[in-house]
Each structure stands twice: as C-alpha cells, then as structure tokens.
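Biologist: Hey, can you pull up that model so we can poke around in it together? I've got a handful of quick questions.

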Amino acid sequence: MMDDLRELYQEVIFDHNRNPRNFYAMENADRQIDGFNPLCGDKLTVYLKLDGDKIAEASFQGEGCAISTASASLMTDMVKGLTEAEAHTLFEQFHKIAMGEDDSQLDQIGKLAVLAGVKEYPARVKCATLPWHTLEAALAGNKEAVTTE
Ligand code: ZN
C-alpha cells in the first residue's frame with residue numbers, strides 16, 4: 001500500500017516536472033520576485049496578478065530540480081483563486097508537513113501531499129518550499145530576491 005502510494009506520488013511529481021503548469025513569464029504582473037536555493041541551484045521567478053486580496057493568476061519560470069519545479073507547478077495551480085490569507089494557511093500546513101513537524105493536516109493540503117515525502121530528505125525540503133517562500137515574499141510586496149540560505 002505505501003509503495004503504491006509512493007509510486008503514485010512520484011508519477012505526479014515527474015508529470016509536473018516534465019509539463020510544469022503555469023510556466024510562463026506573466027505580462028503586467030502585479031508582483032514579480034526571484035527566489036534562489038543555492039544549496040541545490042534552484043532559481044525561479046514567481047509572477048502574480050492580484051484582484052483585491054485574491055490571487056487571480058500565478059505563474060513561474062526558472063530552472064530547478066524536479067522537486068522545486070513540481071512544487072512551483074502545484075503551487076501556482078493551487079493558489080489561483082485563493083485569498084492571501086488562504087494561501088498563507090496552505091503554506092503553513094504544507095511547511096509543517098515538509099519539515100516533519102506535524103502531518104495531522106495532510107488531508108488539508110490536496111495535491112501537495114505528493115511532496116510530503118521530502119521530510120525524509122532534509123536537503124530537499126528547501127527545494128519544495130522555495131516556491132512558497134518566494135510567493136510569500138511576493139504577497140508581502142517585497143522586491144528583494146528570496147534566498148533559502
Ligand atoms: Zn532543488
């Protein structure tokens with residue numbers, strides 16, 4: 001059972017890495033910010049269009065490992081239509097799971113559950129959370145690039 005689940009998760013990650021969703025430079029983005037993970041070499045730019053306190057559109061571009069690319073692809077898919085507060089809550093739930101702190105909310109994070117396995121690989125946690133740290137900085141209106149170090 002666990003092996004089947006792991007295989008399914010891996011397939012979703014491979015799929016999002018091969019065909020990342022929302023992978024484009026957004027024109028007239030309200031927010032645009034770069035994120036780096038020097039440990040692995042992941043770099044990305046997150047773009048947002050906002051409608052009041054809602055995320056109307058989210059996209060990204062960049063180069064990174066399969067985990068960071070899949071995470072950014074899933075993230076841009078999932079935060080579309082969420083308010084800033086809802087996106088923040090989703091990241092907090094995901095972050096606790098990825099850090100191996102608390103996975104009681106695993107059923108609250110939807111497709112992000114496929115990345116829960118990073119908790120067994122501390123070096124990959126930064127790959128999985130980089131897009132989210134970058135999103136949070138964009139929502140906060142920061143201009144400076146985000147780095148995980
Ligand atoms: Zn990485």
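Biologist: Is Asp 77 buried, partly exposed or exposed?
Modeller: Keep in mind that this is a predicted model. In it, Asp 77 counts as partly exposed, at 29% relative accessibility.

Biologist: And which residue does Asp 77 form a salt bridge with?
Modeller: With Lys 111, and the closest N and O atoms are 3.5 Å apart. Asp 77 sits in helix α2 and Lys 111 in the loop between α3 (84–98) and α4 (122–139), so the pair ties together parts that are 34 residues apart in sequence. Lys 111 is partly exposed too, at 41% relative accessibility.

Biologist: Why can side chains pair up like that?
Modeller: Side chains of opposite charge can pair when their charged atoms come close.

Biologist: How many salt bridges are there in the whole structure?
Modeller: A search of the whole structure turns up 4. One of them joins the side chains of Arg 21 and Asp 15, at 2.8 Å from N to O. Arg 21 is partly exposed at 27% relative accessibility, and Asp 15 is partly exposed with a relative accessible area of 25%.

Biologist: What does Asp 103 pair with?
Modeller: Asp 103 forms a salt bridge with Lys 119, with 3.5 Å between the closest N and O atoms. Both Asp 103 and Lys 119 are in the loop between α3 and α4, 16 residues apart. Asp 103 is partly exposed at 42% relative accessible area, and Lys 119 is partly exposed at 33%.

Biologist: OK, switching topic. What coordinates the zinc ion?
Modeller: Cys 40, Cys 65 and Cys 127 each through SG, plus Asp 42, whose OD is listed twice, at 2.2 to 2.6 Å. Along the sequence, the donor residues follow the spacing C-x1-D-x22-C-x61-C.

Biologist: Where do Cys 40 and Cys 65 lie?
Modeller: Cys 40 is in the loop between β1 (31–37) and β2, while Cys 65 is in the loop between β3 and α2, so this pair ties together parts that are 25 residues apart in sequence.

Biologist: Are those two cysteines buried or partly exposed?
Modeller: One of each! Cys 65 is buried, with a relative accessible area of 15%, because buried means under 20%. Cys 40 is partly exposed, at 34%.

Biologist: Let's do strands. How do β1 and β2 pair?
Modeller: In the antiparallel sense, over 7 bridges. As an example to look for, Gln 32 stands opposite Tyr 47 in β2. The hairpin of β1 and β2 has 4 residues between the strands, and Gly 41 there takes a positive phi near 95°.

Biologist: How many bridges join β2 to β3?
Modeller: There are 9, and those strands run antiparallel. Leu 44 has Gly 62 in β3 as its bridge partner. β2 and β3 form a hairpin as well, with 2 residues between them, and Gly 52 in the turn has a positive phi of about 65°.

Biologist: So β2 has partners in both β1 and β3. How many of the residues in β2 are buried?
Modeller: 7 of its 10 residues are buried, so you can call β2 mostly covered.

Biologist: How do people find empty space in a model anyway?
Modeller: Rolling a probe the size of a water molecule over the atoms shows where empty space is left.

Biologist: How many cavities of 30 Å³ or more does this structure hold?
Modeller: Just 1, with a volume of about 50 Å³. Its lining includes Asp 42, Leu 44 and Gly 62. The elements giving two or more residues to that lining are β2 (42–51), β3 (54–63) and α2 (66–79).

Biologist: Asp 42 was a zinc donor too! What kinds of residues make up the cavity lining?
Modeller: The lining divides into 4 nonpolar, 4 polar and 3 charged residues.

Biologist: Last one. What's the volume of the largest pocket?
Modeller: About 540 Å³. Of the 20 residues lining that pocket, the closest to its centre are Arg 6, Val 114, Ala 116, Gly 117 and Val 118.

Biologist: Which helix gives the largest share of that lining?
Modeller: That's helix α1 (residues 2–18), with 7 residues. By class, the pocket lining has 13 nonpolar, 2 polar and 5 charged residues.

Methods:
Residues numbered from 1 in each chain as written. Predicted model: local features only at pLDDT ≥ 70, side-chain atom pairs only at ≥ 80, totals over all residues. Heavy atoms only, no water. 1 Å grid on protein atoms, 1.4 Å probe; cavity = no way out; pocket = protein on both sides within 12 Å on 5 of 7 lines; lining within 4 Å. Points joined across faces, edges and corners; volume = space filled by probe spheres on them. Nonpolar A, V, L, I, M, F, W, Y, C, P; charged D, E, K, R; others polar. Donors = N, O, S within 2.8 Å, 3.2 Å for Na, K, Ca; no water. Buried < 20%, exposed > 50% of the residue type's maximum accessible area, 1.4 Å probe, protein only. Pairing = 2+ DSSP bridges.
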